[in-house]
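Please look over the structure shown here before reading on, and keep it in view while the text moves from the chain as a whole to its interior.

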Amino acid sequence: MNEKQKSSRQGVAHLLGPYGLVVILVALFAVFALILPQTFLSGRNFNAILSNQSIPALLALGAMIPIATGKFDLSIGYGLGLSHVIVLKLIIDGGLPWGLAALVALGVMALVGIINGLLVEFGQIDSFVATLGTGTVLYAITGAITNGARVVPGDGGLPISFKDLYDSKIAGVPIVAVYLLVVAAVLWILFERLPLGRYFYVLGSNPRAAALMGIPTKRYSIYAFTFSAVVTGFAGVLLASQQQIGNPSVGMDYLLPAFVGALLGATAIKPGRANVIGTLVAVITLAIGLAGISQLGAQFWVTPLFNGVTLLIAVGLAGYSARRKLRAGAVAAPPLAPTPTDETPAAPGPTTSAGLPPASAPSLR
């Protein structure tokens, strides 16, 4: 193989790394468009995808935030169930305006996120175990609030403005998709343009280096869990507006798709790193796949099979991308500096644990 062919292959591999999932998305869309042109390409189908997948996409964005810091929040499914039950319970039984009920639900979920962060950082409990435990507690609280039954509106029903929170459209586009884009834009700015996002990434890649750089790692880990819980709470408010009936066990149906989207998103756009655009691409890919197989008449068990297999693929690809990134960094890393001796004076100024001079580290201001 000559150098030109080798360079061409390396260029293709370089592109397929970040954009391989985008290629899969386009391929899936093209296949279903050819097989099901009458139904798959209809505006009704696109609106249904946007409407049905916006809440799972919000939950995937919520799951992505702790993943960026190297943590997992398994309580998001239970938190989704709790927040949507709180909203409906306060509106129906408490007689509160739905806006105030939504703020209460968001406040409760922010508190849940803080507790998760405290358990992980100060309780020194693994995030997987800690959030599984808090999630189980949230499920118990949800059951206690509802007495194990559904929260059903009375004869007067729910306020029209609350129903419109999910059902209305803007320029023919479901408004819930607009909410998703706004949340995604805010998170993209946070992760890609603000120091806070860079701190999250440093914390996720090397907590020791983050501490040596002066980043208060415990505080930012708590921030990540709190932001995740608030996004989950917002998704719960929208779920309440969509379903209009409180179901204490509904949140678990959303947990697996959320993690599939977040982990699969870590293999796209910025492989090896949880990111907003990659998560959205992953959710759209999953939505197109599920819509296509559903229209082909797949049986009910195909959906969990699809999600489970995709999760395994996502975890495998995320691990491969991370290892590849580490290998590339090891190859590109400069040789270690000689140990200072009498003949070799030490270089002035400290360096980070990654071997970078302070100028390369994110500013702490």
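What follows is a walk through a predicted model, from its overall make-up to its core, some of its helices, two loops and its cavities.

The protein chain contains 14 helices and two strands, and of its 365 residues, 43% are buried. Of the contacts in the protein chain with a separation of 6 or more, 77% are between residues 24 or more positions apart.

The interior can be approached through the largest nonpolar core, which has 91 residues, and in which Leu 61, Ile 65, Val 87, Phe 162, Phe 191 and Phe 200 have the most contacts. Helix H3, residues 43–68, gives the most to this core, supplying 12 residues. In soluble globular proteins, nonpolar side chains tend to be buried together. Leu 61 can serve as an example of the packing: leaving out residues up to four places away in sequence, Leu 61 touches Leu 180, Val 183, Ala 184 and Leu 187, and also Val 276, Thr 279 and Leu 280.

Phe 200, one of the core residues with the most contacts, leads on to helix H9, which spans residues 195–205 and in which Leu 196, Gly 197, Tyr 199, Phe 200, Tyr 201, Val 202 and Leu 203 are buried. Against which helices do the buried residues of H9 pack? Their partners are H3, helix H8 (175–193), helix H10 (207–212) and H11.

Helix H11 has 27 residues, and the distance from its first C-alpha to its last is 39 Å, close to the 39 Å expected at 1.5 Å a residue. H11 is mostly covered, with 19 of its 27 residues buried. Thr 217 is found in this helix, and because its relative accessible area is 17%, below the 20% limit, Thr 217 counts as buried. Leaving out residues up to four places away in sequence, Thr 217 touches Leu 203, Pro 207, Ala 210 and Ala 211.

Just after H11, Gln 244 takes a positive phi of about 60°, and Gln 244 lies in the loop between H11 and helix H12 (252–265). Most residues other than glycine have a negative phi, and most peptide bonds are trans. A second case is Gln 124, a residue other than glycine whose phi is positive, near 55°, and which lies in the loop between H5 and H6. Is Gln 124 buried or exposed? Its relative accessibility is 63%, over the 50% that marks an exposed residue, and therefore Gln 124 counts as exposed.

The loop between H11 and H12 also holds Val 250, which is buried because its relative accessible area is 5%, under the 20% limit. Leaving aside its neighbours within four places in sequence, Val 250 is in contact with Gly 81, His 84, Leu 239 and Gln 243. The C-alpha atoms of Val 250 and Leu 82 are separated by 9.4 Å, although the two residues are 168 residues apart along the chain.

Val 250 and Leu 82 both belong to the lining of the largest cavity, and this leads to the empty space inside the model. Rolling a probe the size of a water molecule over the atoms shows where empty space is left. The structure holds two cavities of 30 Å³ or more, of which the largest has a volume of about 40 Å³. Besides Val 250 and Leu 82, its lining includes Gly 77, Tyr 78, Gly 81, Tyr 139, Thr 142, Pro 248, Ser 249, Gly 251 and Met 252. Helix H4 (76–92) and helix H6 (127–146) each supply at least two residues of this lining, and H4 gives the most, with four residues. By class, the lining of the largest cavity has six nonpolar and five polar residues, and no charged residues.

The second largest cavity has a volume of about 30 Å³, and the residues that line it are Asp 73, Ser 75, Ile 76, Met 109, Val 112, Asn 116, Ser 228, Ala 229 and Thr 232. The elements that give two or more residues to the lining of this second cavity are helix H5 (98–121) and helix H11 (217–243). Four residues of the lining of the second largest cavity are nonpolar, four are polar and one is charged.

Key. Residues are numbered from 1 along each chain as its sequence is written. This is a predicted model: local features need pLDDT of at least 70, side-chain atom pairs count only at pLDDT 80 or more; totals for chains, interfaces and linings use all residues. Side-chain values use heavy atoms; hydrogens and water are left out. On a 1 Å grid over the protein atoms alone, a cavity is a set of points where a 1.4 Å probe fits but cannot get out, and a pocket is an open set with protein on both sides within 12 Å along at least five of seven lines; lining residues have an atom within 4 Å of a point. Grid points are joined across faces, edges and corners, and a volume is the space filled by probe spheres set on the points. Ala, Val, Leu, Ile, Met, Phe, Trp, Tyr, Cys and Pro count as nonpolar, Asp, Glu, Lys and Arg as charged, and the others, Gly among them, as polar. Buried means under 20% relative accessible area, exposed over 50%, partly exposed in between (1.4 Å probe, protein chains only). Contact means heavy atoms within 4.5 Å. A nonpolar core is a set of buried Ala, Val, Leu, Ile, Met, Phe, Trp, Tyr and Cys residues joined through side-chain atoms within 4.5 Å. The expected span of a helix is 1.5 Å times one less than its number of residues.
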